[in-house]
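Good morning, and thank you for joining this short presentation. Please take a moment to look at the sequence and the structure before I begin.

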Amino acid sequence: MAAAEPPPANVTRLLVLANAIVAILMGFAGSNARDALLFWAGLVPARLTLALDRQLPALGAASTLFGHMFLHGGAAHLLMNMVMLLAIGRILEPELGGRRFLALYLLSGLAGGLAEWAWSPLSTVPAVGASGAISGLVAAQAMLFGRSKRSPLVQALGLGTAWVVLQVLAGAALAGPDMRIAIAAHIGGFIAGLALARPLARP
């Protein structure tokens, strides 16, 4: 009897499409509109700090914890993240199911944003990228699909280290004075992925 085909990774495709649409819109926007979008939707840690002091609206500040996941620092940054998202999503989403996969993605990105804020709470430079969310997917895939002689946790840490190093190198090449790639967010997202992989996996 033939093996059943795994369900399509529809949520993964929608996430890639959403990131691509945002990138296209930013490409057509003028420099002023693009800078405004980066500032208001990118993760600006100082805005969260001021919101805690009740000097800014809390909802507008908190929304950047999710908005930054759909902004990127150029075509190379977007392409690298989306290739990784597709590669992992086609394997991981059928294992978790669409809703749990989306929850893992968003919660990992949220954890990454909080980690970036904790690392530099007074920074006013927007941090962008889906790398924190994808770091959580990297960790979860290693935890659930690790087949080497090493433990899943050791394999996840090795894979996560390679991913973070790659992102650090990319950040050094792509970040500028008006934008930065959230390196601390990768670590926060990765830790969230480690913690959530087993609870979100299907029985």
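Which residues make a nonpolar surface patch of about 400 Å²? The patch is made by Leu14, Leu17, Ile21 and Leu25. Please bear in mind that what we are viewing is a predicted model. Leu25 lies in helix H1, which covers residues 10-28. Its relative accessibility is 56%, so Leu25 counts as exposed, the cut-off being over 50%. The numbering is itself suggestive here. An α-helix has 3.6 residues a turn, so residues three or four places apart point the same way.

Helix H1 is also the place of Ala20. Ala20 has a relative accessible area of 27% and is therefore partly exposed. Between the C-alpha atoms of Ala20 and Phe70 there is a separation of 8.5 Å, although these residues are 50 residues apart along the chain.

Let me now step back to the chain as a whole. It contains nine helices and two strands. Read from the N terminus on, the order of the elements is α-α-α-α-α-α-β-α-α-β-α. The chain has 203 residues, and 45% of them count as buried. Its accessible surface comes to about 10500 Å², and carbon and sulfur atoms account for 70% of that surface. Among the contacts with a separation of 6 or more, 81% are between residues 24 or more positions apart.

I turn next to the interior. In soluble globular proteins, nonpolar side chains tend to be buried together. The largest nonpolar core in this model has 27 residues, and the members that touch the most other members are Leu85, Leu92, Leu96, Phe101, Leu104, Tyr105 and Leu137. Two or more residues of this core come from each of H1, helix H5 (75-96), helix H6 (98-119), helix H7 (131-145) and helix H9 (183-200). Which element gives the largest share of this core? The answer is H7, with eight residues.

Two residues may serve as examples from this region. With residues up to four places away in sequence left out, Phe101 touches Val11, Thr12, Leu15, Leu85, Gly89, Leu92, Glu93, Leu96 and Leu137. The second example is Leu144, which lies in helix H7. On the same basis of counting, the residues touched by Leu144 are Leu92, Glu95, Leu96, Ala197, Arg198 and Ala201. The C-alpha atoms of Leu144 and Leu194 are separated by 9.7 Å, with their positions 50 residues apart along the chain.

There is also another core, lying apart from the largest one. This other core has six residues, including Leu43, Leu48, Ala61 and Leu65. Leu48 is found in helix H3. Is Leu48 buried or exposed? Its relative accessible area is 10%, so Leu48 is buried. Apart from neighbours within four places in sequence, Leu48 is in contact with Leu43, Ala61, Ala62, Thr64, Leu65 and Trp117. Leu48 also lies 7.7 Å from Pro121, C-alpha to C-alpha, and these two residues are 73 residues apart in sequence.

Helix H3, residues 45-52, also holds Arg47. Arg47 has a relative accessibility of 6% and therefore counts as buried. Beyond residues up to four places away in sequence, Arg47 touches Phe39, Trp40, Gly42, Leu56, Ala61 and Thr64.

After H3 comes a loop that leads to helix H4 (58-67), and Arg54 has its place in that loop. Arg54 counts as exposed because its relative accessibility is 80%. Its phi is near 60 degrees, a positive value in a residue other than glycine.

Finally, I come to helix H4 itself. Which residues are buried there? They are Ala61, Thr64 and Leu65. Why do they sit on the same side of H4? They cover an arc of only 110 degrees around the axis, and this places them on the same side of the helix. The cover over the buried residues of H4 includes helix H2 (31-41), H3 and H6.

To close, I would draw your attention again to two places in this predicted model. One is the nonpolar surface patch made by Leu14, Leu17, Ile21 and Leu25. The other is the largest nonpolar core, with its 27 residues. Thank you for your attention.

Key: Residues are numbered from 1 along each chain as its sequence is written. Side-chain values use heavy atoms; hydrogens and water are left out. Patches are made of residues with over 30% relative accessible area and no salt bridge: like charges are joined within 9 Å, nonpolar side chains (Val, Leu, Ile, Met, Phe, Trp, Tyr) within 5 Å. Accessible areas come from the Shrake-Rupley method with a 1.4 Å probe; for residues, only the protein chains shown count as cover. A salt bridge is a side-chain nitrogen of Lys or Arg within 4 Å of a carboxyl oxygen of Asp or Glu. Helices (H or I, at least four residues) and strands (E, at least two) are DSSP runs, numbered from the N terminus. Buried means under 20% relative accessible area, exposed over 50%, partly exposed in between (1.4 Å probe, protein chains only). A nonpolar core is a set of buried Ala, Val, Leu, Ile, Met, Phe, Trp, Tyr and Cys residues joined through side-chain atoms within 4.5 Å. Contact means heavy atoms within 4.5 Å. The arc is that of the directions from the helix axis to the C-beta atoms.
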